[in-house]
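This briefing walks through one protein chain, topic by topic. Please keep the sequence and the 3D view open while reading.

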Amino acid sequence: MTSTTLLTLARSSPRPAGAPSGAPVRGDQRSYLRSLVVLDTIVLTGAVLVGYAARFGDSSPGGVPYVLVAPGLVLAWLASLKIMRCYDDRVVGYGADEYRRVSMASLRLAGAVAIAGYVADVGVSRGFLAISFAVGTIGLEVARFAARKRLHRARSRGTGWSRRVLVVGDATHVLDLVHTLRREPYAGYQVVGACIPDALLAPVAQRLGDVPVVGSFRGIPEAADAIGADTVAVTASGELTATRLRRLGWQLEGTGIDLVLAPALTDVAGPRIHTRPVAGLPLIHVEAPEFRGSRQLVKGFVDRSVSLVALTLLLPVLLVIALAVKLDSRGPVLFRQIRVGLGGREFGVFKFRTMVINADALLAELASRNETDGLMFKMRDDPRVTRVGRLLRKWSLDELPQLLNVVCGQMSLVGPRPPLPSEVARYDGDVARRLLVKPGMTGLWQVSGRSDLSWEDGIRLDLYYVENWSLAADLSILWKTVGAVINARGAY
């Protein structure tokens, strides 16, 4: 999720004959979209075959020619995906809208088939349709997820399909936007050039960081054409008035180049943003974050219920870990440490002991070897960690007792990590906003790199969660936590 909100103002129409050359549709983009069509076709064909086999088995249904119905259903499903713009390059590869559209395309087709079958009194098996749609919808979502992950990995390596972006604005805002987009390369925005005001241009070639300055506000379309950009991202500038911005949109018509706005609005998730036309102006309404209310009650109920079930199922594992900790080194099995939770209230967080019993006394001797740039102490080869402790930390098994804290209502399954009182004492006003929600066993920090992240990036992710939390986001983070634990990224 990029922290910067990119609002598409206009989608340029297909390039007419004789129009400027513009930005052609790139081969890697076409290849990815074609692969999605092929992947969807395979999934849907498989779903229809599963539906047929599950409903009829080895028997031969009479009356209805399923040899024609099955291919027709697949083609209709693909058409529904196309109509719902599930192959739009502005939708695929990032954000929840792709999954939402795939689900809506399947649900609408299912409804249409049900109505048509009832009106026409066609004897197609309801069991066949129900199984096919259930398997197909789930299969499409899983296939899209797998395709997206592969695309994200390719983008992170610099080889996947990405939009080539020309950033337009004042130098400071251009640098801010470039930094934000490069922080998450998997989003697919590759900055290839910048245009800045005339007053900032020098007689020799300029660069903003490593981004070449390719022109001024007077020749934005020409600059985009020259560097092969397919997107112009406009950020803040006093010289880009509403009139000039409107004319820029006109100039980009027919070139195949998208025009997007990047307002100075960071770390706000899409569901909190609503664009409303008022007196011809697209005003952006930002809803206040929600820290109380029914959603919080539901979150608390889900947290406690899931934790209670998890404790019951994991009891044998917890007993084995407890025995290993006891046999490995002298000291208690559980380690209880005072942390700070919701509203600044202190509580004791439970963990399996992974260090020697005098670890706190040894901390002062190791302070100069801290490997983080913030308030926490992190050391990759901490001599205080026991042999069993290293294994527990690698797989985050030492944190399983925190399920007790969740059941007691002191923590949540997902949220910012609970800080130490000594850390909170040094918080400034911004960082203190982490205490507006319950701390969590996992969170954006943990699934984005854990100890490999800088203090600044970790705090940014925690604050993003505080401002934009949702039950859907919690489920996504819990799912990603499984991968982060298996890969042991940043665990030490």
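The points below cover membrane annotations, one helix, salt bridges, individual residues and a surface patch.

The structure is a predicted model. Under the salt-bridge rule, the count in this model comes to 14. Four of the residues involved, D40, E98, R144 and R148, are joined into one network by salt bridges that share partners.

**Annotated transmembrane regions**

- The UniProt record, an unreviewed entry, lists "transmembrane region" for residues 36-57, 63-81, 102-120, 126-147 and 305-325.
- In the model, residues 63-81 are 84% helix and 0% strand. The C-alpha atoms at the two ends of residues 63-81 are 29 Å apart.
- Residues 126-147 are 100% helix and 0% strand. The end C-alpha atoms of residues 126-147 lie 31 Å apart.

**Helix α4 and its two ends**

- Helix α4 covers residues 126-156, which makes 31 residues. From its first C-alpha to its last, α4 reaches 45 Å, close to the 45 Å expected at 1.5 Å a residue.
- The N-terminal end of α4 is capped by S125. A side-chain oxygen of S125 lies 3.3 Å from the backbone nitrogen of G127.
- G127 also has a C-alpha atom 7.6 Å from that of G51, although G51 and G127 are 76 residues apart along the chain.
- G51 lies in helix α1. G51 counts as buried because its relative accessible area is 0%, and buried means under 20%.
- R157 lies in the loop between α4 and β2 (163-168). Is R157 buried or exposed? R157 counts as exposed because its relative accessibility is 60%, and the cut-off for exposed is over 50%.
- The C-alpha atoms of R157 and P185 are 8.7 Å apart in space, while R157 and P185 are 28 residues apart in sequence.
- G158, just after α4, takes a positive phi of about 85°.

**Salt bridges between parts of the chain**

- Side chains of opposite charge can pair when their charged atoms come close.
- D40 and R144 form a salt bridge through their side chains, at 2.8 Å from N to O. This pair links distant parts of the chain, with D40 in helix α1 (residues 27-56) and R144 in helix α4, 104 residues apart. Both D40 and R144 are buried.
- E98 and R148 form a salt bridge at 2.6 Å, N to O. E98 lies in helix α3 (residues 97-120) and R148 in helix α4, so this salt bridge ties together parts that are 50 residues apart in sequence. E98 is buried, and R148 is buried too.
- D462 and R434 form a salt bridge at 2.7 Å, N to O. Here D462 is in helix α15 (residues 455-468), and R434 is in the loop between α13 (421-424) and β13, 28 residues apart. D462 and R434 are both buried.

**Two buried residues with polar contacts**

- D230 is in the loop between α6 (220-227) and β6 (231-234). Its relative accessible area is 10%, so D230 counts as buried.
- The side chain of D230 makes a polar contact of 3.1 Å with the side chain of T231.
- The C-alpha atom of D230 is separated by 6.9 Å from that of G256, which is 26 residues away along the chain.
- T442 is found in strand β13 (residues 440-442). The relative accessibility of T442 is 6%, so T442 counts as buried.
- The side chains of T442 and T481 are joined by a polar contact of 2.8 Å.

**A nonpolar surface patch**

- Which residues make the nonpolar surface patch? V298, F301, V302, V306 and L471 make the patch, and its area is about 410 Å².
- Helix α8 (residues 294-313) gives the largest share of the nonpolar patch, four residues.
- L471 is placed in helix α16 (residues 471-487). L471 counts as partly exposed because its relative accessible area is 32%, which falls between the cut-offs of 20% and 50%.
- An α-helix has 3.6 residues a turn, so residues three or four places apart point the same way.

Notes
Residues numbered from 1 in each chain as written. Predicted model: local features only at pLDDT ≥ 70, side-chain atom pairs only at ≥ 80, totals over all residues. Heavy atoms only, no water. Patch = residues over 30% accessible without salt bridge, like charges linked within 9 Å, V, L, I, M, F, W, Y side chains within 5 Å. Areas by Shrake-Rupley, 256 points an atom, 1.4 Å probe, with all protein chains shown as cover. Buried < 20%, exposed > 50% of the residue type's maximum accessible area, 1.4 Å probe, protein only. UniProt positions renumbered as here; feature names shortened; annotations may be inferred. Expected span 1.5 Å × (residues − 1). Polar contact = N/O pair within 3.5 Å; in protein donor to acceptor, adjacent residues only side chain to side chain.
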